[in-house]
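Let's take a walk through this model, one piece at a time. Have a look at the fold before reading on.

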Amino acid sequence: MKQFDLDVFDARILNLLQRDNRMTAQALAEEVGLSPAACQKRLKRLRASGVIEAEIALLVPKAAGIGFMAVVNVRTIRDEADELNRFKQAMQDAPEVTQCYYVTGENNFVLVVALEDTEAYEQFSRKYFIEATGVAHFITNVIMDRVKSSGVMRVTSAESD
């Protein structure tokens, strides 16, 4: 795993951007105590180094036509690399999967899926879990209420305040 050397200013910038990635360099500068040029230079470096992986808009599901969301736990038949990699690729390619995590424990994967309705989920689960070879078991937990869905991670540095 790649190691990133973040100082206290990088951490402050990243924490602010996660809450509003449209902040100008001027606004960032006022918040973190650097010049706008220094903030722009740091942003460029953070993007180029991969610390900032993507800058996305968080949507209201209903506005995007999403009426069904679920967390799905998946256990594969085998824990061999080729089987796990095949499933990882299938989930990366599936537009219905908004998040996929390879995890420890009883199951191999935890997914978050977003679809139009339950009928669409039935088709999705049939395609990826029932008819697909390699899936031993899956458990679906339907999301009743989206309590928190920010994606914000608290960033610290070795010298953080």
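A residue counts as buried here when its relative accessible area is under 20%. With that in hand, start at V112: it is buried because its relative accessible area is 12%, which is under the 20% cut-off. Keep in mind that this is a predicted model.

V112 sits in strand β3. Setting aside neighbours within four places in sequence, V112 is in contact with M69, A70 and V71, and also with E96, V97, T98 and Q99. For a sense of scale, try V155: it comes 43 residues away from V112 in sequence, and the two C-alpha atoms are 24 Å apart in space.

Now slide back to the loop between β2 and β3, where you'll find N107. Is N107 buried or exposed? It's buried, because its relative accessible area is just 13%, again under 20%. If you skip residues up to four places away in sequence, N107 touches N73, V74 and R75.

Next up is helix α5, which runs over residues 118–130. At its start, a side-chain oxygen of D117 comes to within 3.2 Å of the backbone nitrogen of E119. The helix has 13 residues, yet its end C-alpha atoms are only 16 Å apart, short of the 18 Å a straight helix would reach at 1.5 Å a residue.

Which residues of α5 are buried? They are A120, Y121, F124, S125, Y128 and F129. The spacing is worth a thought: an α-helix has 3.6 residues a turn, so residues three or four places apart point the same way. As for what covers the buried residues of α5, the list includes β1 (68–76), α4 (81–93), β2 (97–102), β3 (109–115) and β4 (135–142).

Zoom in on S125, which belongs to α5. S125 is buried because its relative accessible area is 6%, under the 20% limit. Leaving out residues up to four places away in sequence, S125 touches I130 and F138.

That's the packing; what about the gaps? Rolling a probe the size of a water molecule over the atoms shows where empty space is left. The largest pocket holds about 1,900 Å³ of space. Its lining runs to 45 residues, and the closest to the pocket's centre are I56, S150, G151, V152 and M153. The elements giving two or more residues to this lining are α1 (8–19), β2 and β3. Sorted by class, the lining of the largest pocket has 27 nonpolar, nine polar and nine charged residues.

The second largest pocket has a volume of about 200 Å³. What lines the second largest pocket? One stretch of names is V60, P61, K62, I66, G67, F68 and M69, and I143, M144, D145 and R146 complete the lining. By class, that makes seven nonpolar, one polar and three charged residues. M69 is worth a second look, since it appears both in this lining and among the contacts of V112.

Conventions
Residues are numbered from 1 along each chain as its sequence is written. This is a predicted model: local features need pLDDT of at least 70, side-chain atom pairs count only at pLDDT 80 or more; totals for chains, interfaces and linings use all residues. Side-chain values use heavy atoms; hydrogens and water are left out. Helices (H or I, at least four residues) and strands (E, at least two) are DSSP runs, numbered from the N terminus. The expected span of a helix is 1.5 Å times one less than its number of residues. Buried means under 20% relative accessible area, exposed over 50%, partly exposed in between (1.4 Å probe, protein chains only). Contact means heavy atoms within 4.5 Å. A polar contact is a pair of N or O atoms within 3.5 Å; within protein, one must be able to donate a hydrogen and the other to accept it, and residues adjacent in sequence count only if both atoms are side-chain atoms. On a 1 Å grid over the protein atoms alone, a cavity is a set of points where a 1.4 Å probe fits but cannot get out, and a pocket is an open set with protein on both sides within 12 Å along at least five of seven lines; lining residues have an atom within 4 Å of a point. Grid points are joined across faces, edges and corners, and a volume is the space filled by probe spheres set on the points. Ala, Val, Leu, Ile, Met, Phe, Trp, Tyr, Cys and Pro count as nonpolar, Asp, Glu, Lys and Arg as charged, and the others, Gly among them, as polar.
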